[in-house]
Amino acid sequence: MRKETRRRSVVPTTAVTAAAAVLLLAGCSGSVQVSPPRTGGTASAQCAALQKLLPSTLMGQHRRSTSPASDNTAAWGDPAITLRCGVPVPDVLNPKSADYDPSAVSTVANGLCWITTTGSGGGYRFTTVKQQTYVEVDVPGAYAGQDYPLPSLVTAITKADPADPNRVFDCL
């Protein structure tokens, strides 16, 4: 009579842990849901040009894909720092809005003017002021106290979208 032997495969715990870490990291690098603004004409062309010029890292965070894929959106890190190109005029800059405030807080970063508003979760939203196509950047509160993203975006934005000399609002 033949004796049946069973072989048991044992995977070392370190291999299981490493595989789990890889899967976890892969999940973190997935697409970020970002609602793309609808654009047309010049704004579409400027957003497409900007997309090609954006940095691969921002605030030390690596670029991530956005969903739906669009030339009007970009993201970096987790939690995601997001960029939307072609957004409507911010309410604080729109004279027809109840939130209009021509003295709103503004920031100048390497010559580019931005309006700064508070975002959700203690974060910030920066929106260009003088460009032909408005670009907004949302920075989650998790990055509070760290370097901010504007200087790293100035060159790309000014190359893709020159300032509009007819914009009345300007940085103070």
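Q: In this predicted model, what makes a stretch of the chain a helix or a strand, and which pattern do these elements follow?
A: A helix is a DSSP run of H or I with at least four residues, and a strand is a run of E with at least two, numbered from the N terminus. On that basis the chain has 3 helices and 10 strands. Along the sequence they follow the pattern α-β-α-β-β-β-β-β-β-β-β-β-α.

Q: Why are Cys 47 and Cys 85 called a disulfide?
A: The criterion is a pair of cysteine sulfur atoms within 2.5 Å. The S to S distance between Cys 47 and Cys 85 is 2.1 Å, so the pair meets the definition of a disulfide. The structure holds 1 disulfide. With -85° about the S-S bond, this link is left-handed.

Q: What makes the link of Cys 47 and Cys 85 a tie between parts of the chain?
A: Cys 47 belongs to helix α2 (residues 41-53) and Cys 85 to strand β6 (residues 81-85), so the pair ties together parts that are 38 residues apart in sequence. Both cysteines are buried.

Q: Why is Tyr 124 with Phe 126 called stacked?
A: Two rings pair if their centres lie within 6.5 Å, and planes under 30 degrees apart count as stacked. Tyr 124 and Phe 126 are 6.4 Å apart, centre to centre, with 25° between the planes. Both values satisfy the cut-offs, and therefore the pair is stacked.

Q: Why is Phe 126 with Tyr 148 called tilted?
A: Planes under 30 degrees apart count as stacked, over 60 as edge-to-face, and the rest as tilted. Phe 126 and Tyr 148 have 45° between the planes and 6.1 Å centre to centre, so this aromatic pair falls in the tilted class. Phe 126 lies in strand β9 (residues 124-128) and Tyr 148 in the loop between β10 (135-139) and α3, so the pair ties together parts that are 22 residues apart in sequence. Tyr 124, Phe 126 and Tyr 148 form one aromatic cluster.

Q: How do you know which of Phe 126, Tyr 124, Tyr 148 and Asn 166 are buried, partly exposed or exposed?
A: Buried means under 20% relative accessible area, exposed means over 50%, and partly exposed lies in between. Phe 126, at 7%, is therefore buried. Tyr 124, at 43%, is partly exposed, and Tyr 148, at 32%, is likewise partly exposed. Asn 166, at 65%, is exposed. Asn 166 is found in the segment after α3 (150-160). Its C-alpha is 8.5 Å from that of Lys 130, although the two residues are 36 apart in sequence.

Q: What makes β2 and β7 the edge strands of the sheet?
A: The open sheet of 8 strands has the order β2-β3-β5-β6-β10-β9-β8-β7, with antiparallel pairing. β2 (57-58) and β7 (106-109) are edge strands because each pairs on one side only.

Q: How do you know that β5 and β6 pair?
A: Pairing requires at least two bridges found by DSSP. Strand β5 (residues 73-76) is joined to β6 by 4 bridges, so the two strands pair, and they run antiparallel. Across this pairing, Ala 75 stands opposite Thr 82 in β6.

Q: Which strands do α2 and α3 lie across?
A: Helix α2 lies across β3 (61-64), β5, β6 and β10, running at about 150° to β6. Helix α3 lies across β2, β5, β6, β7, β8 (112-118), β9 and β10, running at about 130° to β8.

Notes:
Residues numbered from 1 in each chain as written. Predicted model: local features only at pLDDT ≥ 70, side-chain atom pairs only at ≥ 80, totals over all residues. Heavy atoms only, no water. Buried < 20%, exposed > 50% of the residue type's maximum accessible area, 1.4 Å probe, protein only. Phe/Tyr/Trp six-rings, centres within 6.5 Å; stacked < 30°, edge-to-face > 60°. Contact = heavy atoms within 4.5 Å. Axes fitted to C-alpha atoms, helices over the stretch in contact; angles between N-to-C directions.
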